[in-house]
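Visitor: Hello! I am new to protein structures, and I would like to ask a few things about the one on display. Could we look at it together?

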Amino acid sequence: MISMTYDFVNQHLMAHILLITLASAMMIVAMTVDLVFGVYKAKQLGEATTSTGLKKTCEKARKYFSPFMVLVCIDLLSSVISPAPAFSLLWASYCIFCEFISVREKAWKKAELRKQERTMSIILENKDDIAKMIAELIKKQSDGNA
């Protein structure tokens with residue numbers, strides 16, 4: 001019984017731990033590549049690289065690794081019946097794919113997205129003024145038709 005447990009831990013569980021370690025290392029590498037390309041794109045657009053922008057990488061790491069740790073626990077518990085840590089490998093693949101898409105985005109596309117975000121925030125800040133202007137236009141149009 002002891003040798004069977006030892007063989008299980010030595011072969012099967014160590015294979016799980018190795019795959020999980022490789023998956024987490026690949027996630028860290030992908031996040032680092034995204035950070036480097038993000039700084040490069042910011043310089044290309046003439047934007048300052050601030051600590052706020054760099055903190056996004058830490059926030060992203062928290063968002064990626066919190067579910068990953070839960071899935072690692074599930075995979076280690078299910079290692080008795082599963083041949084590989086499927087849940088954590090799937091999550092790591094998804095995170096790496098997201099980082100790949102982020103790196104592939106063109107700098108001008110990100111600039112357009114930021115411009116749209118600024119436009120929407122201005123609209124939301126001035127929604128009362130816009131509503132008054134629309135009401136006046138409707139009133140003028142109805143006065144002109146009467």
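Visitor: Is H16 buried or exposed?
Guide: Good place to begin, and please keep in mind that this is a predicted model. H16 is found in helix α1. A residue counts as buried under 20% relative accessible area. H16 has a relative accessible area of 1%, so it is buried.

Visitor: Which residues does H16 touch, not counting residues up to four places away in sequence?
Guide: We leave out the residues up to four places away in sequence and see what remains around H16. The residues that H16 then touches are D75, L76, S79, S82, P83, A84 and P85.

Visitor: Which helix gives the most to the largest nonpolar core?
Guide: Let us start with the members of this core: I20, A23, M27, M31, A61, Y64, F65, F68, V72, A92 and C95, 11 residues in all. Helices α1, α2 (51-77) and α3 (86-104) each supply at least two residues of it. The helix that gives the most, with 5 residues, is α2.

Visitor: Y64 belongs to that core; which residues is Y64 in contact with, leaving aside its neighbours within four places in sequence?
Guide: Two of the contacts of Y64 are M27 and M31, and both of these also appear in the core. Taken together, the residues in contact with Y64 are M27, M31, W91, C95, C98 and E99.

Visitor: How many disulfides are there?
Guide: A disulfide needs two cysteine sulfur atoms within 2.5 Å. The closest cysteine sulfur to that of C58 is in C95, and because it is 16 Å away, it is too far for a bond. C73 is in no disulfide either, as its nearest cysteine sulfur, that of C95, is 16 Å away. The count comes to 0.

Visitor: Is C58 buried or exposed, and what about C73?
Guide: Exposed means over 50% relative accessible area, and partly exposed lies between 20% and that value. C58 has 57% relative accessibility, so C58 counts as exposed. C73 has 46%, and therefore C73 counts as partly exposed.

Visitor: Which helix gives the most to the nonpolar patch on the surface?
Guide: The patch is formed by M26, V29, V33, V36, F37, Y40 and I96, with about 620 Å² of accessible area together. One of them, V36, has a relative accessible area of 53%, so V36 is exposed. V36 lies in helix α1. With 6 residues, the helix that gives the most to the patch is α1 (residues 2-45).

Definitions and conventions
Residues numbered from 1 in each chain as written. Predicted model: local features only at pLDDT ≥ 70, side-chain atom pairs only at ≥ 80, totals over all residues. Heavy atoms only, no water. Patch = residues over 30% accessible without salt bridge, like charges linked within 9 Å, V, L, I, M, F, W, Y side chains within 5 Å. Areas by Shrake-Rupley, 256 points an atom, 1.4 Å probe, with all protein chains shown as cover. Salt bridge = Lys/Arg side-chain N within 4 Å of Asp/Glu carboxyl O. Helix = DSSP H or I, 4+ residues; strand = E, 2+ residues; numbered from the N terminus. Buried < 20%, exposed > 50% of the residue type's maximum accessible area, 1.4 Å probe, protein only. Core = buried A, V, L, I, M, F, W, Y, C linked by side-chain atoms within 4.5 Å. Contact = heavy atoms within 4.5 Å.
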